[in-house]
Amino acid sequence: MIIVPKYICLKPAVIRHFLIVLSSFISLSAIAAEDNVENIISSFEKSKNQVEVANKFFKELKKIEFIDEDIVFSPKASIDSVRQMTYYWTAEWYSDCQNYELAKQYGLKALPFYNGDSEAKADCLNLLGVVYVRLGDFASGIVYTKQCLVLDLKSGDNDRIASSYSTLTGTYIAAEDTDAAEKYALQGLKYAENAENSLQKTILLGMASEIYSKKGQYEKAVKYADEAYVIDSLAGRQNRAAIRLSQKANALAGLKKYHEAEATFRKAIPILKKTGNYHSIGIDYNQIGFLLLKQNKNKEAASYFTEADKIFEKTGDLYNQVHSQRGLYESYWNINPDSAHIALQKFNELKDSLYQQSSAEAVARYKVELDVDNLKNDIEQHNSDRRRDLLIIAALVTLLVIGNIVFYRIRARRYKKEVLSLMEKIEAIKASMKKNTISADTSISEETDDESPEEISEFEKRVVQYVNEGLPKGEYSVTHLAARFNMGEQTFRRRFVETTGKLPKAFITAIQMDRAATLLKDNKEITIAEVAHECGFDELSAFSRSFKRFFGCSPTDYRADEES
């Protein structure tokens with residue numbers, strides 16, 4: 001226990017900070033990791049040794065599981081390649097953090113470093129297309145996304161083509177051009193079907209539902225949303241299934257089935273909160289608000305629009321924030337004219353800035369100025385009472401250490417649970433493979449769609465087959481798997497996540513542990529060291545630690561238990 005002496009007078013701001021740390025020291029570990037990434041990013045431009053900083057950057061991204069493979073540059077690496085990769089992943093990082101302005105800046109920095117047409121360049125163009133839409137600049141979003149589509153069409157990769165059509169469809173939906181959006185959605189669905197990509201298919205089905213809602217074809221919208229919901233639910237994609245519920249609810253509202261629509265929205269929101277999808281929650285809040293307005297529940301509607309406005313202002317999503325302010329204006333019209341006038345003013349300001357970006361830039365400048373002021377205050381406070389600060393820092397450091405321990409233990413338990421769950425799926429995949437033996441030389445495009453009720457795809461079966469074949473040779477990394485599928489690494493990662501909803505690392509680990517358990521049970525004549533080698537481990541000690549982590553006992557004890 002840490003005791004702060006009574007004679008030390010703490011300012012309110014310090015007390016608040018101290019209490020926040022006490023109540024949320026686990027999340028503090030994650031925040032510290034994020035801050036570390038941003039510190040590395042800011043030092044990259046100034047560094048004389050950018051290769052060293054880049055390697056540090058990618059090591060940190062791997063540490064916090066933002067990427068799942070090691071990216072390491074040699075001292076002789078081309079500086080252009082280093083900058084291209086670093087700028088691109090920095091843009092991905094800021095996009096994931098929903099800081100779309102910085103994501104745009106780094107995406108534009110990365111683009112000139114790509115030589116010729118490539119999948120990597122297409123990924124950068126796609127990212128810029130998405131980011132520009134988030135910032136409300138639809139014209140630029142369409143330009144970059146169409147450039148990406150051209151490259152993907154040249155590649156002939158159905159997965160990538162479907163993804164580009166998906167981004168383009170979303171851009172035209174946001175730009176209120178439903179005819180163009182419908183055309184691209186239906187084209188994208190054909191490529192998603194050819195790729196046997198159920199996730200991309202449900203994304204496009206969901207977009208089609210939105211399009212037909214906007215066109216007033218609500219029965220059609222409900223049909224597309226229901227089809228997407230069934231596929232996502234069977235695949236265990238909770239977050240996606242919740243989004244499909246939201247799209248269905250919107251269509252039901254169009255059919256004036258208000259009570260059914262509201263119940264569907266309320267079913268979706270807790271799932272979205274559980275998965276941390278606050279952007280979709282904000283959209284749902286807007287839609288519930290307009291639904292309540294139609295029922296003359298103005299006061300309740302205003303509360304939803306207010307919460308939505310907070311979310312979109314924080315993320316810089318001008319497009320959806322405009323809708324929040326319009327809803328607030330309509331909600332307050334009959335209950336609070338002064339508030340209605342304020343909302344109308346803000347609505348007009350946001351609408352004017354939607355294409356000019358002046359509002360977003362002003363918010364960014366204000367944030368920088370505020371951060372500088374806060375930093376100055378922190379320095380002055382530090383100089384005024386060093387002893388007090390040292391005591392507080394000691395407390396915070398202690399709590400941070402505890403927080404890190406708890407945080408990583410929780411994460412380790414979650415990872416263990418995830419791998420054990422995947423092992424059950426691996427067993428189901430193996431059972432399916434026994435029914436229909438797959439030849440290693442058959443291309444994916446030639447496969448037939450014979451999925452089991454558990455939604456086991458041919459892609460997943462291939463992954464299990466290729467990993468098991470590569471384990472004894474040490475050839476089971478993402479690089480090796482991508483080569484077996486004749487894909488680039490980024491394309492493979494994207495296909496893998498879209499199909500399984502998981503990162504490759506956990507899936508590969510599950511295959512290793514499943515293989516280990518099978519060999520220990522069914523092959524009594526081989527040694528533990530041989531089992532380790534067959535499962536891709538160079539060292540017996542590493543195999544034993546990993547095995548014990550997931551099974552709770554050593555490989556030797558596990559075999560003995562199976563024999564008894």
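Start by selecting K223, which sits in helix α11; helices here are DSSP runs of H or I with at least four residues, strands are E runs of at least two, and both are numbered from the N terminus. K223 is exposed, at a relative accessible area of 57%. On this scale, exposed means over 50% relative accessible area, buried under 20% and partly exposed in between, with a 1.4 Å probe and protein chains only. Now add L205 and draw a C-alpha to C-alpha distance: K223 and L205 are 9.3 Å apart in space and 18 residues apart in sequence.

A word on what you have loaded: it is a predicted model, where local features need pLDDT of at least 70 and side-chain atom pairs count only at pLDDT 80 or more, while totals for chains, interfaces and linings use all residues. Numbering runs from 1 along each chain as its sequence is written, and side-chain values use heavy atoms, with hydrogens and water left out.

Zoom out for a moment. The protein shows 26 helices and zero strands, and 46% of its 564 residues count as buried. Of the contacts (heavy atoms within 4.5 Å) between residues at least 6 apart in sequence, 63% join residues at least 24 apart. The accessible surface, by the Shrake-Rupley method with a 1.4 Å probe, is about 28700 Å², and carbon and sulfur atoms account for 53% of it.

Next, select residues 218–234 (α11) and 238–254 (α12), whose axes come within 8 Å and cross at roughly 165°. Axes are lines fitted to C-alpha atoms, for helices over the stretch in contact, and angles between N-to-C directions run from 0 to 180 degrees. α11 and α12 are therefore roughly antiparallel, a label for angles over 145 degrees, with under 35 being roughly parallel, 65 to 115 roughly perpendicular and the rest oblique. The crossing of α11 past α12 is left-handed, that is, the near helix is turned anticlockwise from the far one by less than a right angle (clockwise would be right-handed). Show side chains at the contact: among them are Y218, V222 and Y229 in α11, and R240, R244 and L252 in α12. The residues of this contact divide into 10 nonpolar, three polar and five charged. Ala, Val, Leu, Ile, Met, Phe, Trp, Tyr, Cys and Pro count as nonpolar, Asp, Glu, Lys and Arg as charged, and the others, Gly among them, as polar.

Keep α12 and add α13, residues 258–275: these axes come within 8 Å and cross at roughly 160°. That makes α12 roughly antiparallel to α13, and α12 passes α13 in a left-handed crossing. Residues to label here include I243 and L245 of α12, with F265 and I271 of α13. By class, this contact has 12 nonpolar, six polar and three charged residues.

Two loops come next. Which residue that is not a glycine has a positive phi of about 65°? Select E176, in the loop between α8 (158–174) and α9 (178–194); at 45% relative accessibility, E176 counts as partly exposed. Then jump to N296, also not a glycine, with a positive phi near 60°. N296 lies in the loop between α14 (278–294) and α15 (298–315) and is exposed, at 66% relative accessible area.

Finish with α15 and α16 (residues 318–332), which pack at about 155° with their axes 8 Å apart. That makes α15 roughly antiparallel to α16, and their crossing is left-handed. The contact includes F305 and F312 of α15 and H323, L328 and Y332 of α16. Its classes are seven nonpolar, nine polar and three charged residues.
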